[in-house]
Amino acid sequence: MDTDDTSAPVLLRVATRLPAQDLERARRFYSEKLGLDPVDERPGGLLYRCGGAEFVLFRSTGSSPGTFTQMALEVEDIEAAVTELRRRGVVFEEVDAPGFRTQAGIAEIEGNYPSKGARGERGAWFRDSEGNLLGVGEPVL
């Protein structure tokens, strides 16, 4: 395979896009519940930066089905993060599926990517004001 393929696009970074039917409601949720405020905005869009990555909330007439994790936030202490987010009014999902169950909103997940140097992960999920399913994860070393 030729590695000098000049027709391939140059990809710099990943930037998540999350739909919001009510952008002001979403702004309040991300500020009040997650402690995040946009670093920039344009008509119909709010840009956030968090942990060296960025994501955008954009005004949309559509919505996500919320049946899968659309964005995950990695934390060092999931119990502390879940406790603080609950204090701010975030409601965590309870999951009960074969081989995967949350207890007090947190699931133990076997396996992880070898490059992350972890043997597993602990995760919790919640929905934002627009129905987007977001995750919080802590690598288990």
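Reader: In the hairpin that E3 and E4 form, which residue in the turn has a positive phi?

Author: In this predicted model, strand E3 (45-50) and strand E4 (53-59) pair in the antiparallel sense over 6 bridges, and one of the pairs sets arginine 49 against its bridge partner glutamate 54 in E4. The hairpin has 2 residues between the strands, and the residue in its turn with a positive phi, of about 60°, is glycine 51.

Reader: How many residues lie between E2 and E3 in their hairpin, and which glycine in the turn has a positive phi?

Author: Strand E2 (40-42) and E3 pair in the antiparallel sense over 3 bridges, with arginine 42 standing opposite glycine 45 in E3. Between E2 and E3 there are 2 residues, and the one in the turn with a positive phi, of about 85°, is glycine 44.

Reader: In what order do the 4 strands of the open sheet with E1 stand?

Author: Strand E1 (15-20) is joined to E4 by 6 bridges, and the two run parallel; arginine 17, for instance, has valine 56 in E4 as its bridge partner. Since E3 pairs with E4 in the antiparallel sense, the pairing in this open sheet is mixed, and the order of its strands is E1-E4-E3-E2.

Reader: Which are the edge strands of that sheet, and what is the average twist from one strand to the next?

Author: In the order E1-E4-E3-E2, the edge strands are E1 and E2, each of which pairs on one side only. From one strand to the next, the twist averages 20°.

Reader: Across which strands does H1 lie, and at what angle does H1 run to E4?

Author: Helix H1 (residues 23-32) has the highest mean pLDDT among the elements of the protein, at 98. H1 lies across E1, E2, E3 and E4, and the angle at which this helix runs to E4 is about 145°.

Reader: Why is one side of E5 and of E6 left without a neighbour in the sheet?

Author: The open sheet of 6 strands has the order E5-E10-E9-E8-E7-E6, with mixed pairing. E5 and E6 stand at its edges, so one side of each is left without a neighbour, the reason being that each has a single partner strand.

Reader: In what sense do E5 and E10 pair, parallel or antiparallel?

Author: Strand E5 (71-74) and strand E10 (residues 133-140) are linked over 4 bridges, and in E10 the bridge partner of methionine 71 is leucine 134. The sense in which E5 and E10 pair is parallel.

Reader: Which residue takes a positive phi in the hairpin of E7 and E8?

Author: Strand E7 (residues 100-103) and strand E8 (residues 106-110) run antiparallel and are joined by 2 bridges, and threonine 102 stands opposite alanine 107 in E8. With 2 residues between the strands, the hairpin has a positive phi near 55° at alanine 104.

Reader: Which residue in E9 is the bridge partner of isoleucine 109?

Author: E8 and strand E9 (residues 120-127) pair in the antiparallel sense, and 4 bridges connect them. In E9, the bridge partner of isoleucine 109 is glutamate 121.

Reader: Which element gives the most residues to the lining of the largest pocket?

Author: The largest pocket has a volume of about 250 Å³, and strands E1, E4 and E5 are the elements that give two or more residues to its lining. By class, this lining has 8 nonpolar, 2 polar and 2 charged residues, and among the residues that form it are Met71, Ala72, Leu73 and Glu74. The element that gives the most, with 4 residues, is E5.

Reader: Which helix gives the most to the lining of the second largest pocket?

Author: The second largest pocket has a volume of about 190 Å³, and its lining includes Ala81, Glu84 and Leu85. Its residues divide into 8 nonpolar, no polar and 2 charged. The element that gives the most to this lining, with 3 residues, is helix H2 (residues 78-87).

Reader: Which element of the protein has the lowest mean pLDDT?

Author: The protein, whose secondary structure comes to 2 helices and 10 strands, averages a pLDDT of 90, and 94% of the residues score at least 70. Among the elements, the lowest mean pLDDT, 82, belongs to strand E6 (residues 96-97).

Key:
Residues are numbered from 1 along each chain as its sequence is written. This is a predicted model: local features need pLDDT of at least 70, side-chain atom pairs count only at pLDDT 80 or more; totals for chains, interfaces and linings use all residues. Side-chain values use heavy atoms; hydrogens and water are left out. On a 1 Å grid over the protein atoms alone, a cavity is a set of points where a 1.4 Å probe fits but cannot get out, and a pocket is an open set with protein on both sides within 12 Å along at least five of seven lines; lining residues have an atom within 4 Å of a point. Grid points are joined across faces, edges and corners, and a volume is the space filled by probe spheres set on the points. Ala, Val, Leu, Ile, Met, Phe, Trp, Tyr, Cys and Pro count as nonpolar, Asp, Glu, Lys and Arg as charged, and the others, Gly among them, as polar. Two strands pair if DSSP finds at least two bridges between them. pLDDT is the predictor's confidence in each residue, from 0 to 100. Axes are lines fitted to C-alpha atoms, for helices over the stretch in contact, and angles run from 0 to 180 degrees between N-to-C directions. Contact means heavy atoms within 4.5 Å.
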